[in-house]
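Please look over the sequence and the structure shown below before reading on. The paragraphs that follow lead through a sheet, a helix beside it, and a nonpolar core.

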Amino acid sequence: MENTSSIEEIEFGEKIGEGSYGEVRKAVWKGKQVAAKRILPILVMEDYDDIQTKAVLDKFEREWKILCSIQHENIVRYYTVILPPPPESPIIVTELLECDLAKHIRESKPKVPFSDLIKIMLDVAEGLHYIHSLKEPIVHRDLASKNVLLTKSLRAKIADLGQAKVFPRAAMYATAMPGTPVYAAPETYPMGQGGLPRGHEARYTVKIDIFSFGAMLLEICIGHLPVDNLPDPVLEDGKIVPEYIRRHEDLEELGPSHPLRNLVLQCLENSPEKRPSAGEIKDKLSKAASGTLSGSPFDDRDAGMSHNHYDHKFKLVVLGESSVGKTSIVARFLNANKQLSEISFTRNVESEDHFVRLRLRDTDKSVHLHIVDVGGHRSTKASSLAPQIFRRARGAVIAFDLLSELSFSEVPNWVKVVRERCFEGIPILLVGNKNDELEKKVDSQRVEQFAKRESVFYTEASAKSGKNIDEIFSVLTDLMIECEDKNEGVAMTSDLMVSLRETLSGRDASQEKSPIAERYLTPRHEALDPGVILLNDKKEKGGTMEQDDNGRKSKSRCCLLG
């Protein structure tokens, strides 16, 4: 092997990183501070599985051969490889850098400055453009913030080419999902036509690195990876879920006016052909850099304002039996200045997303709510709802009809499902709707006993008159804020529940102002992205039409995958 050294030339120091098959240590080689990567000792022991050991050794050899064949200022610099006698591991020696990008993102408060962000990601794009433009292109296959290293001056260098592979042809079958799942392009999932598994290989191109770049760009823009695990991008029938649905919460946090939003979405296109090349990304980032230097809307302040305008952000679900008035409650809250008869309703919609920004009167806090109005036909049961509806929900409104004993009898099932699908201590607000009617069929004392036993907040309201509609959402918001201040899963304090009940019972609707000082509806296309409500390729005006078991048509909305 060309450019090799002996084991006597290196002195190992502390461990600074570890992966699935290798570890990296600080070291001194020929008087120089370096990084030394070697296979985990257990994988090269004599009594270890010979086949697995050979596979790891082959991968390690491929990595150093690729490293020694390339040289670019935005690729970590290779020095040498050390080949001690078996069973000792080979050692790849490279330059030692300050830290990785993942750590830099974590330690930058509140976020990486926009000018630094542009500089770092432009470096990454330069490195990608280099390896993708070689006579025989190299696909990194594990581009992630943990695999981008930074110098003290924030020069970024692509590192860890353990998964890298030469692609002599435009597209090849190769290992499925070779890298870190949160950065993985949908075409790397091992799915064949009709959703049939293809085994351990998938067909892809250099464009999987572009997808990973987009995921990393979104990460550095908002300051973190997705809070919860993302659902698989490929459904059981083989259809691919658009990334603007899978990552809609992060895109919402990014904000509709962020200067890099379009580039993020272009890189995250499900179709590889629609993603830009690394060279095109360089051009777009260079234009953004010019905007930063000239003081245009690309400066740090504007970049941060678009997604730092509220104190709290919550998703909540509104549930209950059919015809209890869930949609009327939500509609009356969103259209506070209209009577119920003046509000137009969308018919035959299974579930609908709404986005609203509020300022609470008592605390002056600003809150962004993502309200999922979970519709349903009479045959729809709580247990039959898709689990994705509840994903990332932080609160729930469960409504029943005060004129229907049957609707209240199903409330325990709704409470059970919400706690199973979300978490045990999720704030739940139980609403008895239609309290303006004289002949109620459900005994209030019985409901209050149930609410006390289940530790849920109960109030009566009327979507028709508007009584307590604002209070439903302001009280639930207070409970969600209280829950957010604690570890998730801890039930609300009884003192807060009592205080809120006293405030609500003592309110005279004719004299007291609404607890909501301001509310601004956010259009769905701004909160998520234009077209986000479409789930599959069969387009109808206003949504995707599907049929239930009874042949009725309904629109499929993004909340089913939210």
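Opposite G432, in strand β19, stands E460. The model in which this pair occurs is a predicted one, where local features need pLDDT of at least 70 and side-chain atom pairs count only at pLDDT 80 or more, while totals for chains, interfaces and linings use all residues. Residues are numbered from 1 along each chain as its sequence is written, and side-chain values use heavy atoms, with hydrogens and water left out.

Strand β18 (residues 428-433) and β19 run parallel and are joined by five bridges. Strands (E, at least two residues) and helices (H or I, at least four) are DSSP runs numbered from the N terminus, and two strands pair if DSSP finds at least two bridges between them. The wider open sheet has seven strands in the order β19-β18-β17-β14-β16-β15-β20, with mixed pairing. At its edges stand β19 (457-461) and β20 (516-522); each has a single partner strand, so one side of each is left without a neighbour in the sheet. From one strand to the next, the twist averages 25 degrees.

Helix α13 (residues 444-454) lies across β17 (393-401), β18 and β19, and runs at about 150 degrees to β19. Such angles run from 0 to 180 degrees between N-to-C directions, with axes fitted as lines to C-alpha atoms, for helices over the stretch in contact; contact means heavy atoms within 4.5 Å.

Which residues of α13 are buried? They include V447, F450 and A451, where buried means under 20% relative accessible area and exposed over 50%, with partly exposed in between (1.4 Å probe, protein chains only). Seen down the axis of α13, the buried residues fall within an arc of 100 degrees, taken from the directions from the helix axis to the C-beta atoms, so they line one face of the helix. An α-helix has 3.6 residues a turn, so residues three or four places apart point the same way. On the other side of α13, Q445, K452 and R453 are exposed. The cover over the buried residues includes β17, α11 (405-409), α12 (411-421), β18 and β19. After α13 comes S455, with a positive phi near 55 degrees.

The largest nonpolar core has 76 residues, of which M121, F213, L217 and L285 touch the most other members. A nonpolar core is a set of buried Ala, Val, Leu, Ile, Met, Phe, Trp, Tyr and Cys residues joined through side-chain atoms within 4.5 Å. Helix α4 (residues 207-222) gives this core its largest share, 11 residues.
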